Amino acid sequence: MKSTLGFVFFCFVLTAYYIYIPLPHTISEPWKLMMLDATFRGVQHLGNLAHSLELSHHIKVLNFAVTFFGMLSPTSSEGVRVTDTVFDGVQVRVFEATRGSDSELKRSVVYIHGGGWSLGSARMQSYDYLCRKMAEDLNAVVVSVDYRLAPEVHFPEQYNDAYLGTKHFLLPEVLAKYSVDPNRVAVSGDSAGGNLAAAVSQQLALDSSVTNKPKLQSLIYPVLQALDFNTPSYQQNRDVPILYRPLMVKFWLEYLNGDPSFLHSLLVNNHTSLDLSQIATSREKVNWTSLLPSALKKNYKPVVQATGTPKVIQEVPALLDVRAAPLIADEDVLKLLPQTYVLTCEHDVLRDDGIMYARRLEQAGIRVSHDHYEDGFHGCMIFGLWPTYFSIGIRTMHNYIKWLDQNL
């Protein structure tokens, strides 16, 4: 009996040790986040084991776990008609509000889901719920883009899917088919989807063949650059779930089809060292010492190497491609963009990406609304329903939809 109790106690202590991680006292519902993170880390460990045994790619294992219990068929409700279709070869899920007359033109949002360009789906419960709620609350048509994922495809295919699907929807005849007002369309996305939404918005602004331009872009804790992995938010939140700094770099390398051995070089900014002259212009566009307010810079110091690893840029040139890193776009491009909403979270490695982009847009003369959540963490907006149900998820989702309602 004593040995059984001892074993149970040992297992309890071991589990508690695995689950517990020190978190900032200001973060939302820390114990719930620890449980979520422990589950996520556990799946990552299983994926790494499967990868090392050559049973499966670690990303495939992670994506299987993320989507297995939450994939939904296109189920309509009393207020929203839901259908799966294809726009120019790209899978999309369309949510059409049914309130009002058939002749009434509706607002619309093209939404691009997050997941490190490798995880998730428009058919997941969390994104199905978000897009369904947007359609109903805004009396709108919401198009959720189900772009292809790594490791099956790499950049620029995710971007191409997002762009082609969005551009097809903006065709006059397609907007007319869905009774959408061509002057009231927004492009939006979270995390990697925010990256794709920003890149798509830039290209739409430049594409003379697109006659109907988006009225708004709304970016939820977007990832926007891969040149500096030592911004204050990367330094401050390097060990904060659910997006640890090394994991974000791994997502970038998978997206850009880079050698995994480059991980350390990117973590210490060897790929943007001072001796790499081709980096100079792009490096300045992510210069957080001039783009961030003093309250965020605190006592953090820039990490700039005198000499680095030129092989990284040579083998992964997409690190300097504006379609992958919208933050490094020229100001002439930024001037063409629509009114913008940016949501950032204090406890997120990507916080400064969003804030720097908001600042660069303002400098280019674009009207920007910036919502910052002191208790927020990366991914929080999609954790606003059972079984996770974070209060910060409810708040961010409510305020995001409220902004769309007031501006779209």
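# Reading a sheet, its helices and an annotated site

Q: Let's start with strands. In what sense do β3 and β5 pair, and over how many bridges?
A: They pair in the parallel sense, and 6 bridges link β3 with β5. Keep in mind that this is a predicted model. To put your finger on one spot along that pairing, go to Tyr111, which stands opposite Ser188 in β5.

Q: Which strand do 6 bridges join to β3, and how do the two run?
A: That's β4, residues 140–145, and the two run parallel. Here you can look for Val110, which stands opposite Val143 in β4.

Q: Is β3 largely enclosed or not?
A: To read this, count how many of a strand's residues are buried, meaning under 20% relative accessible area. For β3 the count is 7 of the 7 residues, so the rest of the structure largely encloses this strand.

Q: How do I read the whole sheet, and what is its strand order?
A: Walk across from one strand to the next. You'll go β1-β2-β4-β3-β5-β6-β7-β8, an open sheet of 8 strands with mixed pairing. At the edges sit β1 (80–87) and β8 (368–377), each pairing on one side only. As you step across, neighbouring strands are turned by 20 degrees against each other on average, direction ignored.

Q: Do β1 and β2 run parallel or antiparallel?
A: Antiparallel: 8 bridges join β1 to β2, residues 90–97. One pair to look up is Thr83 with its bridge partner Val94 in β2.

Q: Now the helices. Which strands does α7 lie across?
A: Follow the helix and see what it touches. α7 lies across β3 (106–112), β5 and β6 (216–220), at about 140 degrees to β5. Then try α17, residues 391–407: this helix lies across β3, β5, β6, β7 and β8, running at about 175 degrees to β8.

Q: What do the buried residues of α3 pack against?
A: They pack against α2 (30–52) and α9 (245–255). The buried residues in α3 (58–68) are Ile59, Val61, Leu62, Asn63 and Thr67.

Q: Is Gln158 buried or exposed?
A: Gln158 has 0% relative accessibility, so it counts as buried. You'll find Gln158 in helix α5, residues 157–169. Beyond residues up to four places away in sequence, Gln158 touches eight-odd names you can click through, including Trp117, Tyr147, Leu196 and Tyr255.

Q: Which residues does the "active site" annotation cover?
A: The unreviewed UniProt entry marks Ser191, Asp348 and His378. They span 188 residues in sequence, but no two of their C-alpha atoms are more than 10.6 Å apart, so they gather at one spot. From this set, Ser191 and His378 belong to the lining of the largest pocket.

Q: Where is Ser191, going by the elements around it?
A: Look in the loop between β5 (180–190) and α7 (192–206). Its relative accessibility is 8%, so Ser191 counts as buried. Setting aside neighbours within four places in sequence, its contacts are Gly114, Ile220, Tyr221, Pro222, Val223, Leu350 and His378.

Q: And where is the place of Asp348?
A: In the loop between β7 (339–347) and α16 (351–363). At 2% relative accessibility, Asp348 counts as buried too. Its contacts, again leaving out neighbours within four places in sequence, are Tyr221, Ser233, Asn237, Leu243 and His378.

Q: What does the side chain of Asp348 reach?
A: The backbone nitrogen of Leu350, at 3.0 Å.

Key. Residues are numbered from 1 along each chain as its sequence is written. This is a predicted model: local features need pLDDT of at least 70, side-chain atom pairs count only at pLDDT 80 or more; totals for chains, interfaces and linings use all residues. Side-chain values use heavy atoms; hydrogens and water are left out. UniProt positions are given in the numbering used here, feature names are shortened, and annotations may be inferred rather than shown by experiment. On a 1 Å grid over the protein atoms alone, a cavity is a set of points where a 1.4 Å probe fits but cannot get out, and a pocket is an open set with protein on both sides within 12 Å along at least five of seven lines; lining residues have an atom within 4 Å of a point. Helices (H or I, at least four residues) and strands (E, at least two) are DSSP runs, numbered from the N terminus. Buried means under 20% relative accessible area, exposed over 50%, partly exposed in between (1.4 Å probe, protein chains only). Contact means heavy atoms within 4.5 Å. A polar contact is a pair of N or O atoms within 3.5 Å; within protein, one must be able to donate a hydrogen and the other to accept it, and residues adjacent in sequence count only if both atoms are side-chain atoms. Two strands pair if DSSP finds at least two bridges between them. Axes are lines fitted to C-alpha atoms, for helices over the stretch in contact, and angles run from 0 to 180 degrees between N-to-C directions.
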